[in-house]
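Please look over the sequence and model shown here. A short report on confidence, overall make-up and two local features comes after them.

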Amino acid sequence: MTDHTTTENVSSGDQSFDDTPHDGGTALPTDSVDAALESLTDDGLTGYNYAYLDEHTKREVRRSMLKAVAIPGHQVPYASRPMPLARGWGTGGIQASLSLLGPDDRFKVIDQGADESVNAANIRRLAETTAEVTTTTDTTDADLIQSRHRIPEEVLTAEQRLVLQVPITDALRKVDPSDAANRRRHAHKNYGKMWVHLYENVVEYGEINIASRYPTMVAGRYLMDPSPIPRWDVPKLDDADHLTVLAAGREARIYAVPPHTAVEPLAFEDREFTVERFPEQACHACGSTDTYLVEVSEESADADGFETRYACNDSSFCQKRRENPDLPKDHHLDREGVDWGPETPDGEPTTEQGGVEE
């Protein structure tokens, strides 16, 4: 066997080789490594198609969305493509967003109400790099909003589009794991098993206590899973001005709620649909009482342990309220007579937080 010896710095043409020992490996030209690193910084994703997906994929996603808009609430299959993140982390939403984005669009990404989470930041970065779009955290400034598990507090307009990430597409899977049986139920509009599920819920708890994925009827025809949004957000889908697209990459399904479509949560006459209630609670940061609040545990300054406080789940709107405490939640809502949950208090509120009459 021939012993490998370490070579000194050898010049060959324009290339200089590293003289560091490589345990018998091949010496690498350092200028090639530097050039490769520079290309990663300067050129980014050069070579990829606009908005990452190829044109055939984007056309198929758009065709599926058009069919979903034509048949509100109906689950339309599509060929979900591999994306640069694991399935279940928003691959369906990303494919829908990248298929809709244009160079002039402003893009906002929400992850459970926050713009600053790792998932939201990475999705924004992917869109910025591949589609060269402008991103924003202001709901009113965005043309396209992709969201995981929340609908913004501010009412969206007809010029805006909302893409919701969906982990489970069929509301009936709560009552029957068989997708084949559930497809037959959708075809026959046979939702009796879901009504039995709601009745058993009332018998056990005294009210319908489904926290998220509340079953809703779209356009009086299809039972829809509105994704894991809280009950607070479900009324925002009813007769909304904006288009809502719900996309599931893992299950390869797309469905939609077109503008001005009736979306009715299932409920009984004597057990009406209600949203979450936060009596006598307000956001500790901005003082809001008309937004969806979440509990935040923080280390207590006075004693050992933690204390629980409430905060707005919509971080963007909370920031606006801190800058302008008098900013109403419905400040750009032109229409009246639509129940969007608790309105901005004007003097003494007449309803308990959550829209339930006192």
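The report below moves from the whole chain to one helix and one sheet.

## Confidence

This is a predicted model. The average pLDDT of the protein is 83. A score of at least 70 is reached by 78% of the residues.

Two stretches fall below 50. One covers residues 1-18, where the pLDDT is below 50. In the model this stretch still has 24 contacts beyond near neighbours in sequence. The other covers residues 347-358, again with pLDDT below 50. Its contacts beyond near neighbours in sequence number 23.

## Overall make-up

Seven helices and 16 strands are present in the protein. Of its 358 residues, 44% are buried. The exposed surface comes to about 18,800 Å². Carbon and sulfur atoms supply 48% of that area.

How much of the contact set joins residues at least 24 apart? Taking contacts between residues at least 6 apart in sequence, the share is 60%.

## Helix 5

Helix 5 spans residues 179-188. Ala181, Asn182, Arg185 and His186 are buried in helix 5. Viewed down the helix axis, these buried residues fall within an arc of 140°, so they line one face of helix 5. The general geometry fits this reading: an α-helix has 3.6 residues a turn, so residues three or four places apart point the same way.

What lies on the face of helix 5 turned away from its buried side? Arg184, Ala187 and His188 are there, and they are exposed.

The buried residues of helix 5 have two packing partners: helix 6 (192-205) and strand 9. Lys189 follows helix 5. The phi of Lys189 is positive, near 50°.

## The three-stranded sheet

Strand 9 also belongs to an open sheet of three strands. The strand order is 9-8-12, with antiparallel pairing. Strand 9 (222-224) and strand 12 (263-265) are the edge strands, and each pairs on one side only. Neighbouring strands in this sheet are turned by 35° against each other on average, ignoring direction.

Strand 8 covers residues 216-218. Three bridges join strand 8 to strand 9 in the antiparallel sense. Which residue of strand 9 is the bridge partner of Thr216? That partner is Met224.

Strand 9 thus links the two local features. Strand 9 packs against the buried residues of helix 5, and strand 9 is an edge strand of the sheet.

Notes:
Residues numbered from 1 in each chain as written. Predicted model: local features only at pLDDT ≥ 70, side-chain atom pairs only at ≥ 80, totals over all residues. Heavy atoms only, no water. pLDDT = per-residue confidence, 0-100. Contact = heavy atoms within 4.5 Å. Pairing = 2+ DSSP bridges. Helix = DSSP H or I, 4+ residues; strand = E, 2+ residues; numbered from the N terminus. Axes fitted to C-alpha atoms, helices over the stretch in contact; angles between N-to-C directions. Buried < 20%, exposed > 50% of the residue type's maximum accessible area, 1.4 Å probe, protein only. Arc of directions from axis to C-beta. Areas by Shrake-Rupley, 256 points an atom, 1.4 Å probe, with all protein chains shown as cover.
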